[in-house]
Amino acid sequence: MKNILILITLFSLLLLTSQRLMGQFNGCAYNAQTGEWHTPGDPSKPCVNTILTAVPFLRIVPDARSGAMGDTGIAISPDANAMHFNASKLAFADKDLGISVTYTPWLRALGLTDVYMAYLSAYKRIDKMQSLGFGLRFFSLGSISFTDESGAPKGEGNPNEFEIALSYARQLSPNFSVAIGGKFIYSNLAGGQTIGDIDITPGVAGAADISMTYQKPIQLSDNKTNLTVGLAITNIGTKISYTNSINKDFIPTNLGLGAAWEFNFDEYNSFTISTDINKLLVPTPCLDDPNTPENECDLDGVDGLDYRQKSPISGMFSSFGD
């Protein structure tokens with residue numbers, strides 16, 4: 001059980017680095033009569049065309065409060081963990097300094113004892129209008145014994161990934177703030193190993209976050225309420241590769257829209273209603289029609305599937321209609 005997550009991760013790596021022949025995916029069947037892909041054995045259910053990205057650990061919610069609130073966090077009251085959701089909230093922070101440290105055991109119910117995520121985040125107000133933020137995320141996938149195709153040992157490994165992030169937030173008005181941030185991403189899943197004749201190396205990427213927040217105090221009878229709306233586009237960055245392939249993989253660029261309504265009953269009690277809506281800004285994998293003579297997923301016939309050749313910005317826009 002100890003190596004289940006590692007095997008899943010490496011299997012995902014195989015899917016990402018391999019060329020998908022004719023755009024066909026495991027778990028999908030083609031109906032020649034309707035010209036559509038569907039779940040095997042049930043033509044009435046559409047194919048689940050799963051979107052795979054590299055470094056999915058960037059989307060793991062790090063803090064207990066948001067985890068207990070269904071992973072919402074874009075518009076809730078600001079703290080140091082805003083670095084993950086929406087750094088522009090830091091311009092409205094009440095305190096001059098905030099620090100958060102989180103340790104999350106991962107999949108302990110499956111018997112994994114050495115897989116965890118550690119998250120350190122902090123902010124410092126420069127003045128009443130500006131704040132700086134810092135975040136460090138480390139995801140350890142434990143230890144694994146590598147073997148070759150015949151099962152012969154190839155040594156031990158400790159796959160891990162980390163992210164270092166910085167942000168700057170500023171109020172543009174008493175009710176509106178914006179923020180921009182940058183991050184460095186490092187992912188070492190099986191560095192120094194080989195899959196077939198493919199050498200595996202650590203993946204490196206850079207990314208940026210853009211966010212904005214609008215909040216409006218509203219007085220309802222004797223209760224003071226606060227309505228907050230936030231928008232954040234996170235992980236806008238370079239593609240990443242674990243091999244020398246020219247077809248690199250997308251990182252999980254995400255568009256998030258959140259709203260929160262906080263009711264303050266007195267100095268010690270409040271109640272918040274919050275919701276987030278998220279859209280992954282990554283191209284959907286192409287499914288080719290096997291009845292057509294040309295490969296619709298590789299129209300130019302050069303360097304593999306067309307959707308994987310898109311730039312990160314092109315992939316963001318095409319994700320709304322593909």
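This passage walks through the sheet, the nonpolar cores and the empty spaces of a predicted model.

A good place to begin is the sheet. Nine strands make up an open sheet, and reading across it gives the order β4-β5-β6-β9-β10-β13-β14-β15-β16, with antiparallel pairing. The edges are held by β4 (97–105) and β16 (270–280); each has a single partner strand, so one side of each is left without a neighbour in the sheet. From one strand to the next, the twist averages 15°. Strands of a sheet pair through backbone hydrogen bonds, and this can happen in a parallel or an antiparallel way. One pair to look at is β13 (residues 203–220) with β14 (residues 223–237), which run antiparallel and are joined over 13 bridges. Within this pair, Ile-210 has Ile-233 of β14 as its bridge partner.

Turning to the nonpolar residues, the largest core holds 21 of them, and those touching the most other members are Val-55, Phe-57, Phe-139, Ile-185, Ile-240, Tyr-242 and Ile-251. Two or more residues of this core come from each of β5 (115–125), β6, β7 (144–147) and β13. Another core lies apart from it and has twelve residues, including Ala-82, Ala-165, Ala-169 and Ala-179.

Next come the enclosed spaces. Rolling a probe the size of a water molecule over the atoms shows where empty space is left. Across the whole structure, three cavities of 30 Å³ or more are found, and the largest cavity contains about 180 Å³ of space. Its lining consists of 23 residues, with Met-83, His-84, Lys-183, Asp-209 and Thr-234 nearest the centre. At least two lining residues are supplied by each of α3 (82–85), β6 (130–141), β9 (160–173), β10 (176–188), β13 and β14. Of these elements, β10 gives the largest share, five residues. By class, nine residues of this lining are nonpolar, nine are polar and five are charged.

The largest pocket completes the picture, with a volume of about 640 Å³. It is lined by 29 residues, and Ser-77, Pro-78, Asp-94, Asn-226 and Glu-262 are the closest to its centre. Strands β13, β14, β15 (254–264) and β16 each give two or more residues to this lining, and the largest share, four residues, belongs to β14. Eleven of the residues lining the largest pocket are nonpolar, ten are polar and eight are charged. Strands β13 and β14 thus appear in the linings of the largest cavity and of the largest pocket.

Note on methods: Residues numbered from 1 in each chain as written. Predicted model: local features only at pLDDT ≥ 70, side-chain atom pairs only at ≥ 80, totals over all residues. Heavy atoms only, no water. Pairing = 2+ DSSP bridges. Axes fitted to C-alpha atoms, helices over the stretch in contact; angles between N-to-C directions. 1 Å grid on protein atoms, 1.4 Å probe; cavity = no way out; pocket = protein on both sides within 12 Å on 5 of 7 lines; lining within 4 Å. Points joined across faces, edges and corners; volume = space filled by probe spheres on them. Nonpolar A, V, L, I, M, F, W, Y, C, P; charged D, E, K, R; others polar. Core = buried A, V, L, I, M, F, W, Y, C linked by side-chain atoms within 4.5 Å. Buried < 20%, exposed > 50% of the residue type's maximum accessible area, 1.4 Å probe, protein only.
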